[in-house]
Amino acid sequence: MIKISVKNSIMKKKLKLVIGIVLVAIVTFLGYKITTKLNHKKEVAERIKTIPNFSFTTLNGEIFTQNNLQNKPTVFVYFNSECDYCQSEATKIQKRLQDFKHTQLVFVSFEKKNKYCSFLKAIN
């Protein structure tokens with residue numbers, strides 16, 4: 001009888017030890033994942049503070065670079081005149097233009113000028 005109770009007591013201690021180790025491992029793992037995610041967010045936030053150098057030609061034939069950006073939030077909209085989604089998005093933006101009054105919108109396309117000019121006329 002005493003042997004069984006001693007074995008039970010030893011088993012309970014071992015079980016408590018294993019459960020303790022598992023809990024410490026889980027907390028350590030979660031702490032690592034949270035720290036890694038926070039560090040990644042900080043790196044991304046640091047990288048997006050500046051925009052890489054770029055250069056586009058405007059409809060007027062002028063060069064547009066990062067120096068032409070205004071000191072306010074900027075949204076670059078890449079579009080293709082034959083893309084139904086792009087047409088829908090441009091139409092929706094135009095209808096809600098007042099909502100973007102504090103935002104600089106820059107529409108970018110790599111199509112030939114006559115194609116995107118036709119696109120712009122169609123949405124106006």
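**Figure 1. Thr65 in strand 2.** Thr65 belongs to strand 2, which covers residues 63-65. The model shown in this and the following figures is a predicted one. Is Thr65 buried or exposed? With a relative accessible area of 17%, Thr65 is buried, because the cut-off for a buried residue is under 20%. When residues up to four places away in sequence are set aside, Thr65 touches Phe54 and Ser55.

**Figure 2. Gln66 in the loop after strand 2.** Gln66 is located in the loop that runs between strand 2 and strand 3, the latter formed by residues 74-78. The relative accessible area of Gln66 is 22%, and this residue is therefore partly exposed, since the class of partly exposed residues lies between the limits of 20% and 50%. Which residues does Gln66 contact, leaving aside its neighbours within four places in sequence? The contacts of Gln66 are Ile51, Pro52, Asn53 and Phe54. A further residue for orientation in this view is Phe56, which is 10 residues away from Gln66 along the chain. The C-alpha atoms of Gln66 and Phe56 are separated by 9.6 Å.

**Figure 3. Phe76 in strand 3.** Phe76 is part of strand 3. Its relative accessibility is 32%, so Phe76 counts as partly exposed. Not counting residues up to four places away in sequence, Phe76 touches Ile51, Phe54, Phe56, Leu69, Val106 and Val108. Two of these partners, Ile51 and Phe54, also appear among the contacts of Gln66. How far apart in space are Phe76 and Phe107, C-alpha to C-alpha? The separation is 5.9 Å, although Phe76 and Phe107 are 31 residues apart in sequence.

**Figure 4. Ser81 in the loop before helix 2.** Ser81 occupies the loop between strand 3 and helix 2, and helix 2 consists of residues 84-95. At a relative accessibility of 10%, Ser81 counts as buried. Leaving out residues up to four places away in sequence, Ser81 touches Gln87, Glu111, Lys115 and Phe119. One of these partners, Gln87, has a residue number that falls within the range of helix 2.

**Figure 5. Leu105 in strand 4.** Leu105 lies in strand 4, which is made up of residues 104-108. Leu105 has a relative accessible area of 23% and is therefore partly exposed. Apart from neighbours within four places in sequence, Leu105 is in contact with Val75, Ile93, Leu97 and Phe100. Tyr85 is 20 residues away from Leu105 along the chain, and the C-alpha atoms of this pair are separated by 17 Å.

**Figure 6. Gly20 in helix 1.** Gly20 is found in helix 1, which extends over residues 2-47. The relative accessibility of Gly20 is 28%, so this residue counts as partly exposed. What distance separates the C-alpha atoms of Gly20 and Thr50? These two residues, 30 residues apart along the chain, have their C-alpha atoms separated by 47 Å.

**Figure 7. The whole chain, as context for the close-up views.** The chain contains 3 helices and 4 strands. Along the sequence, these elements follow the pattern α-β-β-β-α-β-α. The chain is more spread out than a compact globule, because its radius of gyration is 30 Å, well over the 14 Å that the globule rule gives for 124 residues. Taken along the principal axes, the box filled by the C-alpha atoms is roughly 95 × 30 × 30 Å. The domain assignment gives domain 1 as residues 1-49 and domain 2 as residues 55-122. The centres of domain 1 and domain 2, taken over C-alpha atoms, are separated by 51 Å.

**Figure 8. Surface, contacts and charges of the chain.** What percentage of the 124 residues is buried? Buried residues make up 15% of the chain. The accessible surface of the chain comes to about 10700 Å², and carbon and sulfur atoms account for 62% of this area. Among contacts between residues at least 6 apart in sequence, 62% join residues at least 24 apart. The chain carries 21 positive and 8 negative charges, and the mean positions of these two groups are 22 Å apart.

Terms used:
Residues are numbered from 1 along each chain as its sequence is written. This is a predicted model: local features need pLDDT of at least 70, side-chain atom pairs count only at pLDDT 80 or more; totals for chains, interfaces and linings use all residues. Side-chain values use heavy atoms; hydrogens and water are left out. Helices (H or I, at least four residues) and strands (E, at least two) are DSSP runs, numbered from the N terminus. The radius of gyration is taken over C-alpha atoms; the globule rule is 2.2 Å times the number of residues to the power 0.38. Buried means under 20% relative accessible area, exposed over 50%, partly exposed in between (1.4 Å probe, protein chains only). Contact means heavy atoms within 4.5 Å. Accessible areas come from the Shrake-Rupley method with a 1.4 Å probe; for residues, only the protein chains shown count as cover. Lys and Arg count as positive and Asp and Glu as negative; His and the chain ends are not counted. The place of a charge is taken as NZ of Lys, CZ of Arg, CG of Asp or CD of Glu. Domain bounds come from an automatic or database domain assignment.
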